[in-house]
Amino acid sequence: MATLIDKVGAALPEKPERPRHPEKQNRAETPVLRKPEWIRVKAPISKGFSQTRDIVRSKNLHTVCEEAACPNIGECWDKRHATMMIMGDTCTRACAFCNIRTGLPAPLDTQEPSHVAEAVAEMGLKHVVITSVDRDDLEDGGANHFARVVRAIRNAAPKTTIEILTPDFLRKNGAAETVIDSGPDVFNHNLETVPRLYLSIRPGARYYHSLRLLERVKERDPQMFTKSGIMVGLGETREEVMQVMDDMRSAGIDFITIGQYLQPTRKHAAIDRFVHPDEFKSYETIARAKGFLMVAASPLTRSSHHAGEDFAKLRAARAAKR
Ligand code: SF4
């Protein structure tokens, strides 16, 4: 039996706000562990922070700093360093570690490349990091849009060096090449975790596909810097981290980042443990011995943290090797 309810003339109930992570609604909640004393961050209250926020708002931009609830936002925005997130604020993937909204994204904003470029010029950035949500809904995964953003920045701010942090473009033939050919200075794509944990932590992705993406960058443009990162504290072993380092070196990756995973909400993947700063130091020593040009490993390391300073070091390290 169907029941019809006549709503004509009646006030419609307010539409409840869609949950940020509908796919995680039914997951069991896990307790959020108390942070150790070595994870301390600067409060976002400075003048520089407000100025960065005003520019971001006035250009209608999204940043991964806010969307991913990055712990470094107080420090980075104070120095006017923000990582722009293009192609909307909604991702087609649902990774267990990530705080970015999941769902079907809105159509691309054709004005976005010029708005991002204007913001970069206005902020006078020496180095900019551009990332995006995954856009599995688009035929090219958003590769052409990414390339348009890179070219718009080159035109508006020719002295700014450009680092891109891309999705994996899984099953998007030709997408990686389109982005590489737009000519960023650094091509970054994070492996995020060790292969054993992919099914639970990064279920929509494939470890070897991600690795191969970075290898293809080097094959197409050997001069382009490549960069990748992982989070630790998710249950990986030390041996598995070593293996990821070896895999990255085999793919010719120049720069590795290793940071502590922090759980965004009780519905996200639980933290297995807080890795001690001494262990990060040890990872750094080993990674350098394995031949990376540049290594950033600390509890608060994120792929875009100190990206400008690190890019200068990366270039210097390559020059010193010649
Ligand atoms: S580390 Fe990266 S994502 Fe985090 S606040 Fe800094 S620029 Fe933004």
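**Ligand shell, strands and core**

User: Which helices each supply at least two residues of the shell around the ligand?

Analyst: They are helix 2 (64–67) and helix 3 (73–78). This is a predicted model.

User: What makes a residue part of the surroundings of the ligand?

Analyst: The C-beta atom of the residue, placed from the backbone, must lie within 6 Å of the ligand. The residues surrounding the ligand include Val-64, Cys-65, Ile-73, Cys-76 and Arg-302.

User: How does the shell divide into nonpolar, polar and charged residues?

Analyst: The division is 6 nonpolar, 5 polar and 1 charged. Arg-302 belongs to the shell, and Arg counts as charged.

User: Why are strand 1 and strand 2 called paired?

Analyst: Pairing requires at least two bridges. Strand 1 (residues 62–63) is joined to strand 2 by 2 bridges, so the requirement is met. The two strands run antiparallel, and His-62 has Met-85 as its bridge partner in strand 2.

User: How do you know that strand 2 also pairs with strand 5?

Analyst: There are 4 bridges between strand 2 and strand 5 (residues 127–132), and at least two are needed, so these strands pair as well. They run parallel. Ile-86 has Ser-132 as its bridge partner in strand 5.

User: Which residues of strand 2 point one way, and which the other?

Analyst: Thr-83 and Met-85 point one way, whereas Met-84 and Ile-86 point the other way. In a regular strand, side chains alternate between the two faces of the sheet. All four are buried, which means that each has 20 or more other C-beta atoms within 10 Å of its own.

User: How do you know what span to expect of helix 5?

Analyst: The expected span is 1.5 Å times one less than the number of residues. For the 14 residues of helix 5 this gives 20 Å, and the helix reaches 20 Å from its first C-alpha to its last.

User: Which residues of helix 5 are buried, and what covers them?

Analyst: The buried residues are Ala-143, His-145, Phe-146, Ala-147, Val-149, Val-150 and Ile-153. Their cover includes strand 2, helix 4 (112–123), strand 5, strand 6 (161–165) and helix 6 (175–181).

User: What makes up the largest nonpolar core?

Analyst: This core has 83 residues, and Val-116, Ile-130, Ile-153 and Ile-256 have the most contacts inside it. Its largest share, 6 residues, comes from helix 5 (residues 143–156). Nonpolar side chains tend to be buried together in soluble globular proteins.

Note on methods
Residues numbered from 1 in each chain as written. Predicted model: local features only at pLDDT ≥ 70, side-chain atom pairs only at ≥ 80, totals over all residues. Buried ≥ 20, exposed ≤ 12 C-beta atoms within 10 Å, placed from the backbone. Core = buried A, V, L, I, M, F, W, Y, C linked by C-beta atoms within 7 Å. Contact = placed C-beta atoms within 7 Å.
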